[in-house]
Every structure is written in C-alpha cells, then in structure tokens.
Amino acid sequence: MMNTILIRASLSPDPKLLFSYTTNSNVDRFAFNFKPHLPLRRRFPHRRHHLLRQQSNPNFTLSSCLQAAAAPNQIATAAAAPIQEEASVLLDVSGMMCGGCVSRVKSVLSADDRVHSVAVNMLTETAAIKLRPEVEGGAEAVAESLAGRLTECGFAAKRRASGMGVAESVRKWKEMVKKKEEMLVKSRNRVILAWTLVALCCGSHASHILHSLGIHIAHGSYMDVLHNSYVKGGLAMAALLGPGRDLLFDGLRAFKKGSPNMNSLVGFGSLAAFTISAVSLLNPELQWDAAFFDEPVMLLGFVLLGRSLEERARIRASSDMNELLSLINTQSRLVIASSENDSSSDTVLGSDAICIEVPTDDVRVGDSVLVLPGETIPVDGRVLAGRSVVDESMLTGESLPVFKEKELTVSAGTINWDGPLRIEATSTGSNSMISKIVRMVEDAQGHEAPIQRLADSIAGPFVCTIMTLSATTFAFWYYIGTHIFPNVLLNDIAGPDGDSLLLSLKLAVDVLVVSCPCALGLATPTAILVGTSLGARQGLLVRGADVLERLASIDHIALDKTGTLTEGKPAVSSIASFKYKDSEILQIAAAVESTASHPIANAILNKAKSLELRIPVTKRQLTEPGFGTLAEVDGLLVAVGSLEWVHERFQRRTDRSDISNLEHAVHQSSEGITPSNYSKTIVYVGREGEGIIGAIAISDSLREDAEFTVTRLQQKGIRTVLFSGDREEAVATIAKSVGIEKEFIKSSLTPQGKSGAISSLKAAGHHVAMVGDGINDAPSLALADVGIALQIEGQENAASNAASIILLGNKLSQVVDALELAQATMGKVYQNLSWAVAYNVIAIPIAAGVLLPQYDFAMTPSLSGGMMALSSIFVVTNSLLLQLHKSESARKN
C-alpha cells in the first residue's frame, strides 16, 4: 500500500522549493518544483519562523535522477505552526500610593474576562495587560474600557499611544519627568508649610523644655497665644486643610471606593486625633482632657517630609533611564548630493552637496547623514566617508572609544569624538538600536518578578487588616487593658489625669499610622528599576524582572563553542583532496555556501573571494541547520557539511580508510595554528557520483576572556557545560584550554540535541542558562531558564530574539557581569522585603502598646508617622545603593 507524505519547505517568503516524497516497496522519488531564487542571505535575518526538523535524516541518498532509498520510520518532519499572538495594551495609571493600590489595580483589571494576565508597576505608573486571543473588538477598544474602569475606581488611567516616533517618545518622557519635578516642587512647598505649622504648634513645648533647662526665654504674650488650645486647634485645622488636604481627600476617596490605601490610614489617624481633641475642647463638661492638636500637625509633617524624600529618591532611581533617553538625537543633518558619484565618494561633504537639518523620524534607510565631532549619532548605519573615534560606552559598557572608518558600522546613541562622519542609515527612528534598548528597559521594568506577587498578595489586604487591628487596639485598652494594667494610665500618653479614652485613642492612631504597606510595595520595583537601568548602562539588556530572579538562582551555564567561546570569525586554514586542486574544492564549496549565513559558510566564501575564484551559479539550495548545505552545481548535487551527513547524501560511498587519510592530510597542512588557542572544524565536500572528494579545515581563535569567564563562573560554584555540533576532538581541545572538565562536554550536537541536553539538565532539577550567538542556538536559548545572546556587530538575529538577556558588548565576560548584577539586584529585593516585613511585624505590636504594661513605653502618633516615613525612605535608599555596583571590567579599570 502506498503512503504519501507531502513536505513543503519554505526558505524565504515565497516558496522556493516544493518536493513530494512518495514511498513504495522499491523506489522513492523526490519531485522538485522551483521558482526563481532570490539570495537567501538577504532574507534570512528577517525571518521569524523556519522549518523545524525533529531529527536528521541521514538514511536517504540522492542520485542524478533524484532517487532516494530511505529506511522505514526514518523520516520525521514538523511544520512550523502559526502562532496566535496575544494582543497586549499598555495603560498609564496614576494615583497609586502603595502596594495596596497596586493590588487593587491588578484585581480590577484581572476581573475582566478579556484579560489574560496583568503586571502593574507603581514606580513607572504603568499597567501592562495581555488580552486573551479570542478577544473581539480590538485592543484599542478594550484598553479604553479598562482605562475607564480604573478611573471610576479612583486611579486615573489612559491608553498609552503606540508606534510613536523617536521625537514623540522623547517628548512624552520629558513631559513625564517635568511633571514629576513639578510635583516635587509642590511637595517641597507642602513640607515647608507643614513644618512651619509644626514649629508654631509645638512652640509651647519648646518653651517648657528650655524653662526646665534653666533658660528663661520664649515667654510673653506671643508664647501665651501659642499655648492657647483654640489657637492650636486652628493650626491643626490649617494643617489638615492646607498641606494635608490632598492626602486626606485621596484617602477618603480610596476608602469610599472600597480600596483603602496608605493615605486612608494617615487620614483616619489625623482626623481621629483632631476630632477627639475638638470634642474635648468644645465640651469641657465631658472632662476628657484630650486636647492634643499638636499630634495631627506633627503626624502630617513627618508623613509629608517622608513622601517628599521618597519621591526625590524615586526620580533619582529613574535617572538612568533619563540618561539613556538623552542619547536619542531627535534632529539629524541630512546630506543630499546632486550627483550619484558625489554621494558615494570618500569626501565627507561634496562641493555640490546640500546639508539640511531634519527630524530624525524623517530619515529613511539609505539616506546619508552628517555627524560632526561632539554630536550624538542619530541613526544606526554604515560609515560612507570620514575617520573618527566613537564613544560606545552607553551601549556596550566599554569605556575605551572605538575607531571608525569607511564601511564600519555605527549605532544610534553613540557619540562621535574626533572627526566628521558621513553615514548611510541602515535603521532609523524607533528601529534604531538605542530606541530598542529604551523599549526593552521599559518593558523589563514593567514586568514583575515572581517574588513581587508575594509582596502584592500581602499588601492587598494589608490596609483593611491594619484598620481592624486599630479598632481592636482601641476596644482592648478602653474596655479591658486599663482595668488589667491600671499602671499604664500613669504614662504621659494618657494625659495628666490618666484618661483611658485618651490612651486608647492614641494607641489606636499609632497602629493606623506606624504601619507601612508602602515599604512592601516599593521593595521589589525600586530594586528592579535601578538594576535594569544599570544593566542597560553596562551593555546588558534584560527583558524582565523575572529574568533577573531566574538568573540569580542559576547553577549550570551551557556555552556554545563557535562564536561564543571562540571569536566567531573563522577562517580557512587548510584544504585537502584526493584528486582535485585545492582551488577546485574551495570553488564548489563556496558555490554551495553562497546562500548560507553560518560563520563557517562566511569563512569559505571569504577565502574564495580573497583568491578571486569564480563562484559557479547554483540551483536548488537546501540547508539543514547543524548538518550542512546541499545544492546543484554544474548539473551535479554537491553537499558541504559534517562527515556523516555528507557521507550519507550519496549512493556512492567513500571508504572509511580514505576519509581517515583525508582528515589526517587536512590536519597536517594547517599552518600557524596553535591548538590551545584555536578551534579547528573540518567540513567535508561531497559530489554526486563520487562521494566525499575533499575536506576544508576552518580555524577560529578563542576569545581573550573565555578562560577568565569560565574560571569566574566556576569560582561562583556554577557548572559550565560546553555544547557544540563539532567533532569531539576539536571540542575537547577548546574545553581543555578554558578549564571545562571532560564530563561536561557535549559534542556533535544538532540544534535539537542541544535542546535535548538543556531539557535533561532541567529535568535533573538544575537551573540552566544558555549562552549562544547564532540561529542554531535559538531553540536552546528559548528553552533554557535564561537565554543569553552575544550581539555581534550590533545586528539582531534569531539568537537575540530568543534570548532573555542580550550582551551588547559582544564580550563573554559580560555573562559574569549579568550574573553579578542579577545577584546584587535580588539581594536588594530580599533586603527590602525583609526590612518591610520585619518593620511591620515589630512596629505594629509596639504601637499597639505591647510594651506599655511592663516597660512603660508607648509611641505617640507623631513618632509613629515619622517611623512610617523613614521605613519607606530606607527601602528606596537601599535600592539606590545598587547604583554603586560595578561590573567586573569596571572594577579592573
């Protein structure tokens, strides 16, 4: 019975190769249909989905009539299924004051059936929402609906416009920074007014203190006025309706909407103290003697001071992002030449060229841009004319400037130092490298670490719990505590007459005010904000807070060999053949590899070009990642790749003894290669009707920092594993050079084999990071707990798209920098959370009077407010200390 399998392989947006595979008992045929072929090298970087193969198919052969013999059950294919992407929207949300607010915003958004997941960042005032795939009506309509719902709940929200140009993005960010600075000025003015009222309200206390010290000043009619209870009441009302008005009204609104926040606690505490004092003053027949108007004034003074300092620290925490945005040049000098010759000449600015200043958003790919010394380069591009040195420190973390001349690439956001440069734009506006960095940093800061969910789950019901504890505190001391412990009424907090109502009320207010959900809410996002921004400055792009948390717990790191441990700049070191000239072997190999984008293919092509060999036209190119490339050259099929793969492509097989001799010959003819410093890979060339006809040795030098990186990782207790598709001898040589033990070497791996090795390590309970640089590493990078990609020459590829962290400096030692940054950031997170939890666990019982019976110690509401403010300040300041963290290379310098 005949079984038919139709396989469609798409090597570019238009199908280039269609072949059907028909199986019967004797004959297997491939029927090829071709369309005009476009160069694949140009098209591959833009591909997002490729044909995925589950395993190699070594057990089939190709002949001149395109017949194949296949073993049963040996053909395995997989088509890349279309992925239905989840729509996402970004909302700007204001009015969040603490972790309880964050929890409330998340609960409001998550309650909508159209929402799949939500991440809320209080510091950047954003809510990132992923919608379910089946949502109808469009993301924009859903975003407006959700923004309206949040606004109704007291959190003013609006959808953030997407697709903004560079100038618009910078303008929006500057507006936000300006708004924050204006809020800081208003906050400072409120603090000055509040503390002026504190000074007036507490002036009488100062005179008493001075009098007790024998200093008889601050007496007279003026001070007698300040002693007057009605004057103190007026000052307290001025504090509540003046500097404390926004805080008070916001807390009441939040409580009314069912989402009480930190302002609710402070507002209720201040109002309770003021109300009881006013009732006691206006109704002396009650004999409460509970006029303590100075307490709400001092409470508001401490809280507002703490808020002002906290806001200042938050703005400082985002200063790294401001520095990144300052690198974006919104204006460019566009060069327009009247003749084609002048535009391509070596002169920076031709005699008849016109230079006009235009918005960077108006520059298109292919335009020429002039950059003068001292200016920021506005676009990614290629140098057409001029010589200079460029400061790339903000993108790569490398402090030394880099020399640039014709044909070398430059990136937007770097600074031209010495001479003028004329640049051809290759990517502009929002597609430039610096714009992508800014977007990735913003996205990373919008993601929450898993540990943040624990903090949010505590902060959500925190305010309601504190209100309940406050009411319980009042009830206990008023009805029970003062009767069980009558001596507590002798404490100053109970007033001169030992009033149980006054004591109970002050302790209840203490509980309201001393608690600090803000510290819980700020613990993680402040550290993540500083950590991700700092990483961007060091040339480390981190895709999310969850990535930092996973990286900090890594115990195994898998390293690819070619392009990761080695320089990724392989060169042909020798060629050997049974009966053909070296140039003939190189010529047909270059023809086959002309459409491939692998570094080994580039090495063969570069060698052929350097010898000025004519490269034949090819047909029917087919690449199998990790194995080799197959194409028709001069009417015959030619395969270039690994030994087994090439050997199995053809019906006529080469004897193993001949292959061994060929391998020995190519090794012997290598010149100037030191085994300990170079990685040698051998690719084999086979032709239809002849089998294997030659071999080409490709050598690649080790990176200078390879041994140092492996040593540092091992010193940190992290196992390093070496993955490679190369033969075992070549991989073992490199592993020995850098200090990787033999049992941690995995050679002759296909891309699927690398993924399988990652899966095995994870199944054994290990936390695995993968470091790679090429398309064949992309599946492993995506599968690992953390994928780390080296970005070569500032170009995006499949590896950087699949990775969680991108090393812009293209240095292997940045892996150590990334690991140390993750550990330092998560260390700050744990410190902050520990402080926040410990503070509330210790301070709330003390505020409730637990030390009062035995130690005669109780806090006043003003002291409680000061402690609460200092708690938040401690968390933000501790996160800011992360800015002192330096990378390994910076410490060396």
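Helices and strands here are DSSP runs, a helix having at least four residues and a strand at least two, and they are numbered from the N terminus. Keep in mind that this is a predicted model.

**Exercise 1. Find where G725 sits in the chain, and decide whether G725 is buried, partly exposed or exposed.**

Step 1: Look for the elements on either side. G725 lies in the loop that links β26 and α26.

Step 2: Recall the cut-offs: buried is under 20% relative accessible area, exposed is over 50%, and partly exposed is in between.

Step 3: Now apply them. G725 has 39% relative accessibility, so G725 counts as partly exposed.

Step 4: Check the company G725 keeps. Leaving out residues up to four places away in sequence, G725 touches S748, L749 and K754. The C-alpha atom of F627 is 8.3 Å from that of G725, although these two residues are 98 apart along the chain.

**Exercise 2. Work out which strands pair with β26, and which way they run.**

Step 1: Start with β26 itself, residues 719–723. Four of its five residues are buried, which leaves the strand mostly covered.

Step 2: Take the β19 side. Strand β19 (residues 556–560) is joined to β26 by five bridges, and the two run parallel. One pair to look up is D560, whose bridge partner in β26 is F723.

Step 3: Take the β27 side. Two bridges join β26 to β27 (residues 745–746), again in parallel. Here L722 has I745 in β27 as its bridge partner.

Step 4: Follow the chain from β26 to β27. The path goes through helix α26 (residues 728–738), and this β-α-β crossover is right-handed.

**Exercise 3. Name the edge strands of the open sheet β14-β13-β16.**

Step 1: Read the order. Three strands form this open sheet, with β13 listed between β14 and β16, and the pairing is antiparallel.

Step 2: Pick the edges. β14 (402–404) and β16 (415–416) each have a single partner strand, so one side of each is left without a neighbour in the sheet.

Step 3: Zoom in on one pairing. Strand β13 (residues 388–391) and β16 share two bridges and run antiparallel. Within that pairing, V390 stands opposite N416 of β16.

**Exercise 4. Say which helix holds F476, and what surface feature F476 helps to make.**

Step 1: Find the helix. F476 is in α16, which spans residues 462–484.

Step 2: Check the exposure. F476 has 33% relative accessibility, so F476 counts as partly exposed.

Step 3: Add the partners. F476, Y478, Y479, I480, I484 and F485 make a nonpolar surface patch of about 580 Å².

Note on methods:
Residues numbered from 1 in each chain as written. Predicted model: local features only at pLDDT ≥ 70, side-chain atom pairs only at ≥ 80, totals over all residues. Heavy atoms only, no water. Buried < 20%, exposed > 50% of the residue type's maximum accessible area, 1.4 Å probe, protein only. Pairing = 2+ DSSP bridges. Right-handed = clockwise from strand over helix to strand, strands pointing away. Patch = residues over 30% accessible without salt bridge, like charges linked within 9 Å, V, L, I, M, F, W, Y side chains within 5 Å. Areas by Shrake-Rupley, 256 points an atom, 1.4 Å probe, with all protein chains shown as cover. Salt bridge = Lys/Arg side-chain N within 4 Å of Asp/Glu carboxyl O. Contact = heavy atoms within 4.5 Å.
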